[in-house]
Amino acid sequence: MEVKEWTYEELPEFTEEVEGAHVISTTGDEIGVTYIPNVVYAEIDDIKLHLQILQPFTRNQPEMVSPCVVFVQGSAWMPQDVYAQLPRVSRLAERGYVTAVVEYRHSGIAAFPAQIMDTRNAVRFLRANAEQYHIDPDRIVVSGDSSGGHTAMFAGMIHDDTENNLYPGVSADVKGIVNFYGSTSVMAEDSNPVQVLHCQPDSPEGMVMGHVDLRNNLELKRRLSVECNITEDTVIPPVIILHGTKDRVVNCEGSVILYRQLKECGKDVQLYLIKGADHGGAEFWTTETLDIVDRFIRSCI
């Protein structure tokens, strides 16, 4: 064979029969994933916020244009480990979605709703840079787990944040919301079953609201609770909620309350209860569960 700069199409394929060798057929449409780490999408008060971006590709389409899942890593609104879920969310990228994990300003440096504003600016950044990251800007959904699920819900239903828009003229609207066991309500005493300091200033919910005592502050508790901010007039894309029935950190009942409120207000919502699952875990990333999430996203976009 001549040694030169062969193109893939020009290179002759090896076709010799080799005794004892096995040949595996391929189509060229098998999806691989490229990881682009620590992409700065915003700088606020000298704080740089990053995205971890996972891009799907195939042999036939090395720069395939794909829908996008913007995923908010949960952290009880505290500093995030944005790498923790990368092995799992990469399975969404393997389904053909550009998947971007969002870093938000945590409760130690910024109070609610900063986390929602950051997520919406992450959506805008990805839409504004869609060509660079091979994203279809018209097919973006937002997702998250735990406090990230809470953030994703609000990010998909807030539309009056123009003063916080770092990318004027670029929409932050999304086609759907995937909420993994989101900490969406603080109204009930047992909303966080293992949180002894429920709604106190040093609790996660107290810290994210500005290190205040929420126990006797119904107004702030309602402001933080997603279901209290949904009415028939709320503009919200389709929602899917997944929650474990033995979640010790975020009471499954909170997702049921949210689901019922969305249904009562005539919104498009699905609820999947993962039997026996605790707060996260492999049960949420099985082939069966991913099939459900995949079908939901494709129905939205």
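The legends below describe several close-up views of a predicted model.

**View 1. The eight-stranded sheet and its edges.** The strands of this open sheet follow one another in the order β1-β2-β4-β3-β5-β6-β7-β8, and their pairing is mixed. At the edges stand β1 (32-44) and β8 (269-274), each of which has a single partner strand, so one side of each is left without a neighbour in the sheet. On average, and with direction ignored, neighbouring strands of this sheet are turned by 20° against each other.

**View 2. An antiparallel pair, β2 and β4.** Strand β2, which covers residues 47-57, runs antiparallel to strand β4, which covers residues 98-102, and four bridges join them. Within this pair, the residue that stands opposite L51 is V102 in β4. L51 also belongs to the largest nonpolar core, where L51, L126 and L262 touch the most other members.

**View 3. Strand β5 between β3 and β6.** Eight of the eleven residues of β5 are buried, and for this reason the strand is largely enclosed by the rest of the structure. With β3, strand β5 pairs in the parallel sense over six bridges, and with β6 it is joined by four bridges, again running parallel. A reader can follow the bridges from strand to strand, since the bridge partner of F71 in β5 is S143, and the bridge partner of S143 in β6 is V178. Another pair of residues to look for is V142 and I177, the latter in β6, which stand opposite each other.

**View 4. Strand β6, covered on both faces.** What lies on the two sides of β6? On one side are I177 and N179, on the other are V178 and F180, and all of these are buried, so that both faces of the strand are covered. Strand β6 pairs with β7 (residues 239-244) in the parallel sense over four bridges, and in this pairing N179 stands opposite I241 in β7. Together with β5 and helix α3 (residues 147-157), strand β6 makes a β-α-β unit that is right-handed.

**View 5. Helix α1 and its buried face.** The residues of helix α1 (residues 86-93) that are buried are L86, V89, S90, L92 and A93. When the helix is seen down its axis, these buried residues fall within an arc of 145°, so they line one face of α1. An α-helix has 3.6 residues a turn, so residues three or four places apart point the same way. The elements that cover the buried residues of α1 include β1, β2, β3, β4 and α7 (287-300). In the loop between β3 and α1 is A84, which is partly exposed, with a relative accessible area of 45%. A84 and G74 are ten residues apart in sequence, and from C-alpha to C-alpha they are 9.7 Å apart in space.

**View 6. Helix α2 and the nonpolar cores.** Helix α2, made of residues 114-128, lies across β1, β2, β3 (66-72), β4 and β5 (135-145), and it runs at about 120° to β1. The largest nonpolar core has 51 residues, and the members that touch the most others are L51, L126 and L262. Helix α2 provides the largest share of this core, namely six residues. Apart from this core lies another, of 26 residues, which includes Y181, I240, F296 and C300. Leaving aside residues up to four places away in sequence, L262 touches M153, I230, I236, V239, I241, K267 and V269.

**View 7. S183 and T184 in the loop after β6.** S183 is placed in the loop between β6 (177-180) and α4 (204-208), and T184 lies in the loop between β6 and α4 as well. Are these residues buried or exposed? A residue counts as buried when its relative accessible area is under 20%; S183 is therefore buried, at 6% relative accessibility, and T184 is buried too, with a relative accessible area of 1%. Not counting residues up to four places away in sequence, S183 touches W77, S146, S147, H150, N192 and V250. With that same limit on sequence distance, T184 touches H150, M153, N179, L224, S225, V226, E227, G254 and L258. H150 thus appears among the contacts of S183 and among those of T184.

How values were computed
Residues numbered from 1 in each chain as written. Predicted model: local features only at pLDDT ≥ 70, side-chain atom pairs only at ≥ 80, totals over all residues. Heavy atoms only, no water. Buried < 20%, exposed > 50% of the residue type's maximum accessible area, 1.4 Å probe, protein only. Contact = heavy atoms within 4.5 Å. Pairing = 2+ DSSP bridges. Axes fitted to C-alpha atoms, helices over the stretch in contact; angles between N-to-C directions. Arc of directions from axis to C-beta. Right-handed = clockwise from strand over helix to strand, strands pointing away. Core = buried A, V, L, I, M, F, W, Y, C linked by side-chain atoms within 4.5 Å.
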